[in-house]
Number of protein chains: 2
Amino acid sequence: MSEIHSHHGEPALDATELSLIDRYWRAANYLSVGQIYLMDNPLLRQPLAPEHIKPRLLGHWGTTPGLNFIYAHLNRIITRRDANIIYICGPGHGGPGMVANTWLEGVYSEIYPHVSADEAGMRRLFKQFSFPGGVPSHVAPETPGSIHEGGELGYSLAHAYGAAFDNPDLVVACVVGDGEAETGPLATAWHSNKFLNPVRDGVVLPILHLNGYKIANPTVLARLSDDDLRALFTGYGYEPVFIEGHEPEAMHQLMAATLDRIFDRFADIRRAATLESPERPRWPMIILRSPKGWTGPKFVDGKMVENTWRAHQVPVDACRTNAGHRQILEDWLKSYDPHDLFDDSGALRPELKALAPKGVRRMGANPHANGGLLTRPLVTPDFRQYAVAVAEPGDREDQATLILGQYLRDVMRLNAGTANFRVFGPDETASNRLSAVFEATDRVWMAETLDSDEHLSADGRVMEILSEHMCQGWLEGYLLTGRHGFFSCYEAFIHIIDSMVSQHAKWLQVSRELEWRKPVPSLNYLLTSHVWRQDHNGFSHQDPGFVDLVANKNPEIVRVYFPPDANTLLWVGDHCLKTWDRVNVIVAGKQPEPQWLTMDEAVRHCEAGAGVWRWAGTEDGLEPDVVMACAGDVPTKETLAAIDLLRQNLPHLRIRMVNVVDLMTLQDPQHHPHGMSDAEFDRLFTSDRPVIFAYHGYPYLIHRLVYKRRNHPNFHVRGYIEQGTTTTPFDMTVLNELDRYHLAIEAIRRLPILEEKGAAVIAGFEEKLRKHHDWIREHGEDMPEVREWRWTWGRGETASG
Amino acid sequence: MSEIHSHHGEPALDATELSLIDRYWRAANYLSVGQIYLMDNPLLRQPLAPEHIKPRLLGHWGTTPGLNFIYAHLNRIITRRDANIIYICGPGHGGPGMVANTWLEGVYSEIYPHVSADEAGMRRLFKQFSFPGGVPSHVAPETPGSIHEGGELGYSLAHAYGAAFDNPDLVVACVVGDGEAETGPLATAWHSNKFLNPVRDGVVLPILHLNGYKIANPTVLARLSDDDLRALFTGYGYEPVFIEGHEPEAMHQLMAATLDRIFDRFADIRRAATLESPERPRWPMIILRSPKGWTGPKFVDGKMVENTWRAHQVPVDACRTNAGHRQILEDWLKSYDPHDLFDDSGALRPELKALAPKGVRRMGANPHANGGLLTRPLVTPDFRQYAVAVAEPGDREDQATLILGQYLRDVMRLNAGTANFRVFGPDETASNRLSAVFEATDRVWMAETLDSDEHLSADGRVMEILSEHMCQGWLEGYLLTGRHGFFSCYEAFIHIIDSMVSQHAKWLQVSRELEWRKPVPSLNYLLTSHVWRQDHNGFSHQDPGFVDLVANKNPEIVRVYFPPDANTLLWVGDHCLKTWDRVNVIVAGKQPEPQWLTMDEAVRHCEAGAGVWRWAGTEDGLEPDVVMACAGDVPTKETLAAIDLLRQNLPHLRIRMVNVVDLMTLQDPQHHPHGMSDAEFDRLFTSDRPVIFAYHGYPYLIHRLVYKRRNHPNFHVRGYIEQGTTTTPFDMTVLNELDRYHLAIEAIRRLPILEEKGAAVIAGFEEKLRKHHDWIREHGEDMPEVREWRWTWGRGETASG
C-alpha cells in the first residue's frame, strides 16, 4: 500500500464546508475560553465587567484549541462514514474543550438538563467549570464521552489500545500531547501495535499533538527534526503523516484530506486482513504541529504568549482587576464572533448543529465511553469443581495459583464467544503458574513468530509485555469500555503502577456518584511470587507494600484478600470476577504449600471474611489464653506450625487460631463496608487476651486497621520488616521474625503465668533458631524438620470445624 | 562524520588476541555456571557428584554469556586506550557474570579476601552465590563495580546518563536487555541524549542486548526487522551499529572492530565539541543480537534450550537427582576447558590475567561505581541569611519554596566550580517556585533552541523532562557516583516512582552494611504543589500517600519533614543536603501562606523535630485541657485558626499547641533513630488529654506511628480522607474535615465538661460551615473571614516562645 502523503492536490473541503467547520471550531474555542473566564454575560451582551469574571481563573488553554480542532474534524469523518469513534484526550487538562464539544453536540444538556442548550445553559456551563459545586478542570468522569482523565500523564495510548481490543468496529482516536509523550509509559505504549489484531480488534489512531511546550519548557519531541520524528515512528511500526501549520484554512484542508485518506487506509487494512494469518499492518498515525494556545492572545504585557509556554494555562490573568487585560480577553472572545455561532437564544446555529453526528455516534454519547452500558456479565464455571480434596488439614500440598489457573482457563473458554475477557501479566502468566489458561488460548503476538515459539498467536487473549504500565493501562482501557480482565503480577513490582491504580480508584469513586455512568467490571489483581517466596531473587523482589497504598483509597472501592490456600483462592478469585467498580487485590503464593480447608469450609470462611479455625486451636469452648491470628498463606503456615510447637510443649495452653482472608473485615464498619462490628471483633479476638498476629505484609497496616478496637493494646503483629536477601524460604521468615519459633516465643512471652516452664520452652526454641542459622549455611536448604513439617493434629482433636 | 558500519575488512584481532579474549570469556562463563550450580569440586577434579551440586539452583544463565562477552571486550578497550569505563548491567539478574568478572580481574578477592584467587577461593565463590549467608543472585550492592541492581527492570539507561553527567572523562557502558527495553522508563530513557553535553559530560554507550526472550516469551524488539530497529534508534537520535551472530570467533572480531571504531568516534565527537555552541552529536550505540544462554546446553530432555526462553534461568535443573542432567552440566562445564583457563592452584592463567585492566581501571574497582570515594561535600551558604523576618506570628505571607529557591540558587553558585550539584524536576522547577535557581544556571537542553526560549542552555544544571522516572533515574545515577542533587515534584505524582525509591532505599540499606562502600549523598525530595493546594487541578492531583510508602522502608534510611513555614523549610532543606545515605522527603507548599517562626525559633524547633508553640496556646504553665497538634503547613494554619476560634469563644480553655516538623520523632526510639522517648512524648502530648492532630496526609499514618504511646487512645487525627475536586483552598480542608471549624468542634466534643456552652459554640461553627458551603458556590472563592484570617494574639499573650 502506498504511503499517505500530506495533501497538495484538490482541496478536501469546498468553501461552504470550510466555513462551517471553521465556525464549529470557533464555537468550541469560544465556549472553552468562556469556561475558563466567565461567570456571567456569556454572549457578551454587555461590555465585559469585573463581576463577569471568575475570581479564580483556572483551566488549561494551551492544548484546548488543538483538541477542539481535532474534535471538529473527527465529527466530520463520523458523519461522512458513519464511523464509530471515541476520543481519548491525553491532554486531559484541556477539559474545557471536551466539555464545550459535548455541549455543542447536545449530549451535555441531555445528561445535565440544567446546563441547557441556550443562553441560560451557557451561563451555567461557563460558571460551573472549575467552580465550587461545579465540574473539575480536567476531562474527568463527569465529562461525557471520556474514559481517561489525563490528570496524571502517560496512559492515554495504553487506554486507547485497551479500548480497541475486541471492539472490531471501533476507532479510538487518541490525542497524545508532546508533554505526555516524554513519559515512560507513553514512550513504550507505541509498541502496542504489536498486540493489535486488525481482524478482531478495533483501530487506534494516534494523533501526536506537537504544540511545542510543557508548563515552562519546550518539549523534546517538538524539537526533533521531521526526519528524526519520521524515523522514530516508523521504527515504532507506524506510518507517520505530518500536519503542520497555524493558518486555519490551510490546516482545515490538510486535516480533512489527511483523515479522509487515513480512513480509506483503515478500510483497506481491514479488507486485507485475515484471522488465520493476519499481517501486522503499518498503521497510520498523525503528527500534528500547531501553535500552543492557537487563536489566543498573541502578546500580553509585551510578552509573546501564543505559541509559547505562556499559553499553557490562563494566558491573560488579571482580567478582574486590570482593564487592559480585560480588554484583551474581550477582544479574544469577540474574535470568534459569537453571534455568528449562536443565535439570540444562545443556541448553536442550526447549520452548525447539523455538523455534529447523531445519537450514539456523537463522541460524547458513544456507549463505549460509558462501558457499563455494554457490559455483559462474565460467564463463570462453578469454582467448586476445581476444589482441592482436603481430607485432613495439611495432608497435601498444592500450588494455589496453579489451581486458580484451571478456573481461569474455563472462564476463558466460557466467554470465548463474547470475546470479553483477557488475562494480563508482565511476562509472568506462566511464572505465576497460571499456565492452564494456555490450554484455552495463547498470548497475543503480532510480531515475527518462529517455529520454536509456544502459545503465541494473533488470536491469543493473554496480554504479556514486560511493562506493568502497559498491562495496567491496557486493562484499564478494556474495563472502562465494559469488558473483564485479570492481572497477575509479581507482588513487589506492582508498585510500578501505584500511581495508576490510585488514579483508577479515583475515577471509580467519582463515577459511582454519577447515575448516568454505569458500573464497570472490577480491576482484579493477583499478586503472587510474593515477598516470602522471593527467597531466590532476593531483596529487590521483596515488597508487600502495595496493599498499604490501596488501603488509603476510598473504602467503597478497595478490597484486599489473603486466601491461605487453593480452595479459598478459588472462592476469592470467583468472587472478585463478579464484582463491579472495585479494585480487588488478591495476594497468594504460587509454590507448593499445605492445603488447609475443604471447599465447604473455604466457602464458609471466605463468606465471613475472617474466622476461628477451631481444629487448629485448643480452647475447647473456654476462653483462650492466647489468640494466634494470621493473614496470608505463609503466615498461616507458620502460625499453625507455631501452634503445633505450643501444643507439643505446653499442652495445657488454651490457644485460639484466627485466620483473616478479607483484610478489610478488620476495620470498623464505619470505615469500610466489609468491617466487622466491635462485638464480632471482640468475639474473634477477645477483649483482653494477647493476640499474636502473623501478617503477610508490613505489620503497621494491621495496627492501622485495628487501632480503635478494644483489644488493640494486646495486638503483637509480626510481618515483613524489610529484611531479606537470597536465602532459603524459611530463613526469610526468620529474618523478619515471622517464623514459627518467633511466633511461639512471642506467645509465651505474653503469658507471664507460664513462668519457668515457659522460659525453658523459649530456650529450646531459641536453640532451634541457632541450629537453623548454622544448618542453612552449611547445607543451603532448610532443616528437614522445617521442610518436612506437617500438621498432625487432624481436624478433630479439640472440636469440629 | 561517516556512519559506523559493521566491519568486513581487516580483522581487528590477530590469532593470539582472538584466542586470548575467547579464553577470557570462557573463564567468565565457566565461573558463572559454577556459581549457579556448584558448592564443591570447583575445578572438576572429580566427576560431578550429587553432593557437589547445590540443593537450590538459583541464578539467571540466559543473559550471562552475553554480559561476559561485553565485559571481556570492554576490558580490551580499557587496556588499549586507558579508557575510564564503568559497566551498568541492565540485566542485573546476570549477577554471576559480574561476580565472575570482578573475581577474574582480582578486585573481588581484594574486597573479600576469603574469596581468594585460587581454588579455595573459587570454591567459596561458587558456594556463596545465592546461598544462605552468601551473596544475592543479582548485581547487588555487594557486587564490586556496580551502581545498579537491575532487579526491577527499567532504569539502567537513566542510571547510566546520571553517572555520565559532569564526568567528562568517563564512559558509561550500559547493557540494556531486550526485556527491560519493553518497560516505559527505559523506552523514554533513550531520549536522555538530548540532555548530555559532549564537552562537560561523559559518554554513554548503550548496548541493546537482543538475546531474544524474556522469562517465557520472545521480546518485542528482538522480533522487529533490522530496518525498524535502525529507524527507531535513529529516531531516538543514535547511530545504531548491529553486531549479530553466534559463532564466537566471528563475534569477537565484530565486537572488537566495532568498539575500536566507536571509541574513535567518541574521540572525534569530543574533539569537535565546544562548550559555547555544542552540537548534539549522533552518538553511536550497539545492537547486539546473540543467543540467549549462548554456549549453554543446546537441548535438555529433547527440548531446545539455547536460544530460547528455556535458557532464562537454570537451563538444566535436576542435576542432583538426575544423572543425565548432571552429565549435561559436566559436559557443559568442561566445554570451557577449565584447565586451559586456570592453573593447578585455581588461579587464572597469567596470560589471561594480563588481559584485565590494572588498578582503578578495572571496572570492578572504578571509584565512580563506589561514588562515596569521590564525593566532595557540598558547599552551602548560611541558610539563616535567607530568613523571612517574622516579627509576630503570621504577620506576613511568603511562599516557602520561593525562599528555598534563593538558598538553592546560592548552593548552585557555590558549587559551580566543582560541578557536582544539579536540580531535577519534571518540568516543574518554576511551577514549584524554585525559579531563583535560574539566576544561577539554566535548564540543560541539547535539542533545537529558539530565540523565544528562556533559561535553556547546553550548560544548564537544572534537569527537566516530563518524566518522574527520568528525573529519579538520572538523580540516582548522579548520587551513586558521588554527586549531590535535589528533586522537586508535585506531591501526587511522586507516586510514579514509588517502586524506584523503594529500590534505592534497599540499595542504601545494604550498602551501609558494606564497609568498603562509602556513603553517598542523600536522595532529597521536595514534594510541593501538594494535596491541599491542588484545589485548582482537582482530584487527580491530590495524593499525599508517598510518605506512607517511604515510612515502610528501613528507618536508618528514611526521614520525613513537614516544615510549616519558610524558615523551617530553610533549616530542613539545608540539613537534608548535608546528610548521607538517606532518603529525605520534605513536604512544603508553594503558595503564599502566613509565616510563623523567627529563624531562631525555627532552628530550635527543627533541631527538636517537634515542640510546643507556647505563644499559640493558653496553657500558661498548667496542664492543658486539650492538645491541638499538627504536621504540615496547611494543617498548622488551620490548627492555629482553630485555636484562635477556641480562644475567642472559650477563653478559659487551656490549650496546648504542638507542631511536628520531623515526622519520625513520633515513633519510639527503638523503631526509628529520630524517635522521641516515651517521657518526652508524654511531656508534649500529655498522658491523658485529648489530642486533636491535624495531619497533612492520610490520617492512619499518625496512628501507625504513635499506637504504642500511652496517650494514643486520645489521639483524634484529621487528614486527607480521599475527598477532593476543583474547588477553593479552604473547601479542600472542609471536604476532608481538616478545617478550623471541624478541628475546633472536635476539640470541644472531646471535652464534655464544656456542656451547654460547648454545644452553643459548636452550633455557631456548624453555621459557619453552612455559610461557607453556600458562599463558595455563589462567589467562587472563600469567605473573606477565611481568606483574610490572621493570627492576632501575637507572641506574648500567654507565654514567651
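# Exercises on a predicted two-chain model

An automatic or database assignment splits chain A of this predicted model into domain 1 (15-369), domain 2 (391-593) and domain 3 (610-787).

## Exercise 1. The relation between the copies

Task: state which operation superposes chain B on chain A, and name the residue of chain B whose C-alpha is nearest the axis.

Solution.
1. Two copies of a chain are related by a rotation about an axis and a shift along it.
2. For chain B onto chain A, the rotation is 180 degrees and the shift along the axis is 0.0 Å, with an RMSD of 0.0 Å.
3. The two copies are therefore related as by a two-fold rotation axis.
4. In chain B, the C-alpha nearest this axis belongs to B:Gly184, at 2.0 Å.
5. Of the interface residues of chain B, 99% are interface residues in chain A as well, so the copies meet through the same surface.

## Exercise 2. The interface between chain B and chain A

Task: describe the extent of the contact between chain B and chain A, its polar pairs and the elements on the side of chain B.

Solution.
1. Count residues: 119 of chain B are in contact with 118 of chain A.
2. Take the area: about 9500 Å² is buried between chain B and chain A, and carbon and sulfur atoms give 55% of that.
3. Count the charged pairs: 14 salt bridges are found between chain B and chain A. An example of a salt bridge is the pair of side chains A:Arg310 and B:Glu454, at 2.6 Å from N to O.
4. Count polar contacts: 59 residue pairs, with both residues at pLDDT 80 or more, are in polar contact between the chains.
5. Assign elements: on the side of chain B that touches chain A, those giving two or more residues include helix H8 (226-235), helix H15 (498-512) and helix H24 (755-779) of chain B. H15(B) gives the most, with seven residues.
6. Sort by class: this side of chain B has 43 nonpolar, 44 polar and 32 charged residues.

## Exercise 3. Domain 2 against domain 3 in chain A

Task: find what area domain 2 and domain 3 of chain A bury between them, and which three residues of domain 2 supply the most.

Solution.
1. Locate the domains: the C-alpha centres of domain 2 and domain 3 of chain A are 28 Å apart. The contact takes 34 residues from domain 2 and 38 residues from domain 3.
2. Take the area: the two domains of chain A bury about 2900 Å² between them, 63% of it on carbon and sulfur atoms.
3. Break it down: A:Trp532, A:Phe562 and A:Pro564 supply 29% of the area that domain 2 buries against domain 3, more than any other three residues.
4. Count charged pairs: the rule finds one salt bridge across this interface.
5. Count polar contacts: 17 residue pairs, both at pLDDT 80 or more, are in polar contact between domain 2 and domain 3 of chain A.
6. Assign elements: helix H16 (546-551) and strand E15 (558-561) of chain A give two or more residues to the side of domain 2 that touches domain 3. The largest share, four residues, comes from E15(A).
7. Sort by class: this side of domain 2 divides into 17 nonpolar, nine polar and eight charged residues.

## Exercise 4. A salt bridge across the sequence

Task: place the two residues of the salt bridge between A:Arg362 and A:Glu110 in their elements.

Solution.
1. Side chains of opposite charge can pair when their charged atoms come close.
2. The cut-off for a salt bridge is 4 Å, and the closest N and O atoms of A:Arg362 and A:Glu110 are 2.7 Å apart.
3. A:Arg362 is in the loop between helix H12 (350-353) and strand E8 (397-399) of chain A, while A:Glu110 is in helix H4 (residues 107-111) of chain A.
4. The pair is 252 residues apart and links distant parts of the chain.
5. Over all chains, the count comes to 119 salt bridges.

Conventions: Residues are numbered from 1 along each chain as its sequence is written. Chains are lettered from A and ligands numbered from 1 in the order in which they are written. This is a predicted model: local features need pLDDT of at least 70, side-chain atom pairs count only at pLDDT 80 or more; totals for chains, interfaces and linings use all residues. Side-chain values use heavy atoms; hydrogens and water are left out. Contact means heavy atoms within 4.5 Å. Buried area is the accessible area (1.4 Å probe) that two parts lose on being put together, summed over both. A polar contact is a pair of N or O atoms within 3.5 Å; within protein, one must be able to donate a hydrogen and the other to accept it, and residues adjacent in sequence count only if both atoms are side-chain atoms. Ala, Val, Leu, Ile, Met, Phe, Trp, Tyr, Cys and Pro count as nonpolar, Asp, Glu, Lys and Arg as charged, and the others, Gly among them, as polar. Copies are superposed by least squares on the C-alpha atoms of residues with pLDDT of at least 70 in both.
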